[in-house]
Amino acid sequence: MKDDRTAPAAAPDPDELADHLTEVFDLVGPLYRRVHRKVEQAAPIEGLSVGVRAVLDLLRARGPMTVPQMGRAQALSRQFVQRMVNDAARQGLVESVANPAHRRSSLIRLTGPGRAAIAAVRAREHELLRRVGGDLSMADVDACLRVLAAMHALFDDVDVD
């Protein structure tokens with residue numbers, strides 16, 4: 001006798017799946033905008049705009065990168081990322097260093113003050129996220145990440161420049 005608890009789930013109807021994924025978009029957009037506003041409200045605390053915060057966090061996670069690499073990673077135009085890098089550099093949070101792989105495209109890296117600033121932002125955000133309620137499990141979060149990654153992959157070919 002087969003145990004139904006271990007049987008793989010049947011593939012959903014593509015139209016039903018598309019309807020549910022539309023609900024994900026309906027939540028992600030407003031959530032993104034609210035988080036954006038929350039970061040802006042906290043900007044006086046760390047002195048970081050949303051764009052500079054994104055650059056610092058990307059460099060924290062991935063190490064030194066070129067502006068075009070950052071633009072591709074964040075699905076933002078190179079010009080916008082360059083403005084955010086310039087803002088961060090004016091604040092002493094990042095610096096340009098020689099790129100051994102490409103003479104004309106410098107690497108951007110965090111400075112000590114940049115590492116401290118993004119650490120402070122992430123610590124504050126971590127405390128806020130600890131307050132997420134409900135009975136969420138790690139499996140729920142893993143499933144959410146899997147769904148969002150699949151949706152992200154669908155739009156990987158969209159040019160942002």
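How many helices and how many strands does the chain have? What we have here is a predicted model, and in it the chain has six helices and two strands, which follow one another along the sequence in the pattern α-α-α-α-β-β-α-α.

Let me begin with the overall form. For a compact globule of 161 residues one would look for a radius of gyration near 15 Å, whereas this chain comes out at 20 Å. Along its principal axes, the C-alpha trace spans about 65 × 35 × 30 Å, and of the 161 residues in the chain, 25% are buried.

Now to helix α2, which covers residues 50–62. With 13 residues at 1.5 Å a residue, α2 should span 18 Å, and its end C-alpha atoms are indeed 18 Å apart, so expectation and model agree. Which residues of α2 are buried? They are Val 50, Gly 51, Val 52, Arg 53, Val 55, Leu 56, Asp 57, Leu 58 and Leu 59, and I would point out that charged side chains, Arg 53 and Asp 57, appear in that list alongside the nonpolar ones. After α2 comes Gly 63, which has a positive phi, near 85°.

Helix α5, residues 112–129, can be treated in the same manner: its 18 residues should span 26 Å at 1.5 Å a residue, and the distance between its end C-alpha atoms is 26 Å, which agrees. The buried residues in α5 are Gly 114, Ala 117, Ile 118, Val 121 and Glu 125. When one looks down the axis of α5, these buried residues fall within an arc of 90°, and they therefore line one face of the helix. As background, an α-helix has 3.6 residues a turn, so residues three or four places apart point the same way.

Let me turn to the charged pairs. In general, side chains of opposite charge can pair when their charged atoms come close. Over the whole structure, a search finds seven salt bridges, and I will go through three of them.

The pair I would look at in α2 and α5 is Asp 57 with Arg 122, whose side chains meet in a salt bridge at 3.2 Å, N to O. Because Asp 57 lies in helix α2 and Arg 122 in helix α5, this pair ties together parts that are 65 residues apart in sequence. Is Asp 57 buried or exposed? Asp 57 has a relative accessible area of 15% and is buried, while its partner Arg 122, at 34% relative accessibility, counts as partly exposed. Both also belong to a network of salt bridges that links Arg 53, Asp 57, Arg 60, Arg 122 and Glu 125.

A second pair joins the two strands. Glu 95 forms a salt bridge with Arg 109, with 2.7 Å between the closest N and O atoms. Glu 95 sits in strand β1, residues 94–97, and Arg 109 in strand β2, residues 107–110, so the contact ties together parts 14 residues apart in sequence. Here Glu 95 counts as partly exposed at 32% relative accessibility, and Arg 109 is likewise partly exposed, with a relative accessible area of 36%.

The third pair is Arg 130 with Glu 127, where the closest N and O atoms are 3.7 Å apart. Arg 130 counts as exposed at 59% relative accessibility, whereas Glu 127, at 46%, counts as partly exposed.

A few words on the stretch after α2. Ala 75, found in the loop between α3 (67–74) and α4, has a phi near 55°, a positive value in a residue other than glycine, and with a relative accessible area of 45% Ala 75 is partly exposed. Further along, Ala 89 is found in helix α4, residues 78–90, and counts as partly exposed at 40% relative accessibility. Between Ala 89 and Gly 63 there are 16 Å in space, C-alpha to C-alpha, for a separation of 26 residues in sequence.

Finally, the surface. Which residues form a nonpolar patch there? They are Phe 25, Leu 154, Phe 155, Val 158 and Val 160, which together have about 480 Å² of accessible area. Of these, Leu 154 is found in helix α6, residues 138–154, and is exposed, with a relative accessible area of 61%.

Note on methods: Residues numbered from 1 in each chain as written. Predicted model: local features only at pLDDT ≥ 70, side-chain atom pairs only at ≥ 80, totals over all residues. Heavy atoms only, no water. Helix = DSSP H or I, 4+ residues; strand = E, 2+ residues; numbered from the N terminus. Expected span 1.5 Å × (residues − 1). Buried < 20%, exposed > 50% of the residue type's maximum accessible area, 1.4 Å probe, protein only. Arc of directions from axis to C-beta. Patch = residues over 30% accessible without salt bridge, like charges linked within 9 Å, V, L, I, M, F, W, Y side chains within 5 Å. Areas by Shrake-Rupley, 256 points an atom, 1.4 Å probe, with all protein chains shown as cover. Salt bridge = Lys/Arg side-chain N within 4 Å of Asp/Glu carboxyl O. Rg over C-alpha atoms; globule rule 2.2 N^0.38 Å.
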